[in-house]
Amino acid sequence: MILFLHGALARRDKRALPRKIRAFLLEEGLPFRELSALDREDYFQEVRSLGKGDVLLALGGDGTLSLAADALMRIREEERPAFLLVPGGTLGDGARNIWGKKPLALLLSSLENGRRKKIDVLRAGLDGGLSVHFLYMASAGAFSGVASRASRRNKALLGRLSYIFLALSEGLFLWKRLGVSLRINGKREKEERLSFLLALNGRRIAGLPLQGAGPIDDGKAELRLGKGRGLSSALRVLASFPGDIFQTPSFLAEFSQMTEICIDGEPYRSSTLRVEVLPGALEILVPCE
């Protein structure tokens, strides 16, 4: 059985994707159930109903794919269904970090004759013992709410420009910077005053290639610190200043106040952010090329 999950795809040119996948499944005679826009706990229940011989097929942006990964990581490895992810969001950086650009037909061929590949998963710990698995990025401070605040209508009309315009408008202001105490791989670093903080697993951000980033399966997250004010902090991060980047399997950030935290597009608030990398923790289906 294939559980076909797709999120609320915003861009008009993406709406054909669910139809194409549905047509492929029907043509190949593959049994499937289709789900869209469930709440997190209901979705977890659906995924838990799958068995080792089943497949979770997730189509969507970073939030949809990380929701799928989070649900799968809550199932014991020996009982976990196979996982196929297909990029379909406004940017889709999380999936494209893994795939690059591959034709849909090639990705779907993995359902019948694919092989399994292990990928790293990141786990974020927040206040109150909340734990969230994710595939791509956690951010704190300025810009963190851009993905969740961009409206569906603007994303449908403008695509990635909706994110860029919102980020530019926020960058026109000189934000009050956050006091952050960092412990990187168990070692305490000096306290910082930051506009924002990023924890990444990949080589793209905001749909653009990111210079100086490590591979996605090296067992390390990339911690990038926004040390400037306004847009200068974003430009420093994109320019990959050496002193602003750490490659680490784990870190703990303790903020001087409650702050907005975004994990693959989903908003949270917390005074701490702990991130650890789980190397090769999740298997995905990949084409036999």
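Tutor: A definition to start: two strands pair if DSSP finds at least two bridges between them. Keep in mind that this is a predicted model.

Student: In β16, which residue is the bridge partner of isoleucine 184?

Tutor: Start with the strands. Five bridges join β8 to β16, and the two run antiparallel. Isoleucine 184 has its bridge partner in β16, and that partner is phenylalanine 251.

Student: β7 pairs with β16 too; which residue of β16 is the bridge partner of alanine 140?

Tutor: β7 covers residues 137-141 and β16 covers residues 250-263. They pair in the antiparallel sense over three bridges. In β16, the partner of alanine 140 is isoleucine 261.

Student: How many bridges pair β16 with β17?

Tutor: Glutamate 254 stands opposite threonine 272 in β17. The two strands form a hairpin with two residues between them. Their pairing is antiparallel, and the number of bridges is 10.

Student: Which residue in that hairpin takes a positive phi?

Tutor: Most residues other than glycine have a negative phi. Here the phi is near 50 degrees, in the hairpin of β16 and β17. The residue is aspartate 264.

Student: Where is asparagine 185, which also has a positive phi?

Tutor: Asparagine 185 is not a glycine, yet its phi is about 50 degrees. Look past the end of β8 (178-184) and before β9 (187-188). Asparagine 185 sits in the loop between β8 and β9.

Student: In what order do the four strands of the open sheet stand?

Tutor: Find the edges. β2 (32-36) and β4 (82-87) each have a single partner strand, so one side of each lacks a neighbour in the sheet. Inside, β1 (residues 2-6) and β3 (residues 55-60) run parallel, joined by five bridges. The order is β2-β1-β3-β4.

Student: Which residue of β3 does histidine 6 stand opposite?

Tutor: β1 spans residues 2-6, and its bridges to β3 number five. Opposite histidine 6 in β3 is leucine 59.

Student: What angle does the direction of α3 make with that of β3?

Tutor: Two helices pack on this sheet. α1 (residues 16-27) touches β1, β2, β3 and β4. α3 touches β1, β3 and β4. The direction of α3 makes an angle with that of β3 of about 160 degrees.

Student: How many of the 12 residues of α3 are buried?

Tutor: Buried means under 20% relative accessible area. The buried residues include Leu65, Leu67, Ala68, Leu72 and Met73. The helix is largely enclosed by the rest of the structure, because the buried count is 11 of 12.

Student: Which element gives the largest share of the largest nonpolar core?

Tutor: Nonpolar side chains tend to be buried together in soluble globular proteins. This core has 27 residues, and Tyr43, Val47 and Phe83 are among those with the most contacts inside it. Contributors of two or more residues include α2 (40-48), β5 (115-125) and β17 (266-286). The largest share, seven residues, comes from α3.

Student: Is leucine 200 buried or exposed?

Tutor: Leucine 200 lies in strand β11 (residues 196-200). Tyrosine 136 is 64 residues away in sequence, but the C-alpha atoms are 5.8 Å apart. The relative accessibility of leucine 200 is 1%, so this residue counts as buried.

Student: What percentage of the 289 residues of the protein count as buried?

Tutor: The secondary structure comes to 10 helices and 17 strands. The protein exposes about 13,200 Å². Of its 289 residues, the buried ones make up 54%.

Definitions and conventions: Residues are numbered from 1 along each chain as its sequence is written. This is a predicted model: local features need pLDDT of at least 70, side-chain atom pairs count only at pLDDT 80 or more; totals for chains, interfaces and linings use all residues. Side-chain values use heavy atoms; hydrogens and water are left out. Buried means under 20% relative accessible area, exposed over 50%, partly exposed in between (1.4 Å probe, protein chains only). Accessible areas come from the Shrake-Rupley method with a 1.4 Å probe; for residues, only the protein chains shown count as cover. Contact means heavy atoms within 4.5 Å. Axes are lines fitted to C-alpha atoms, for helices over the stretch in contact, and angles run from 0 to 180 degrees between N-to-C directions. A nonpolar core is a set of buried Ala, Val, Leu, Ile, Met, Phe, Trp, Tyr and Cys residues joined through side-chain atoms within 4.5 Å.
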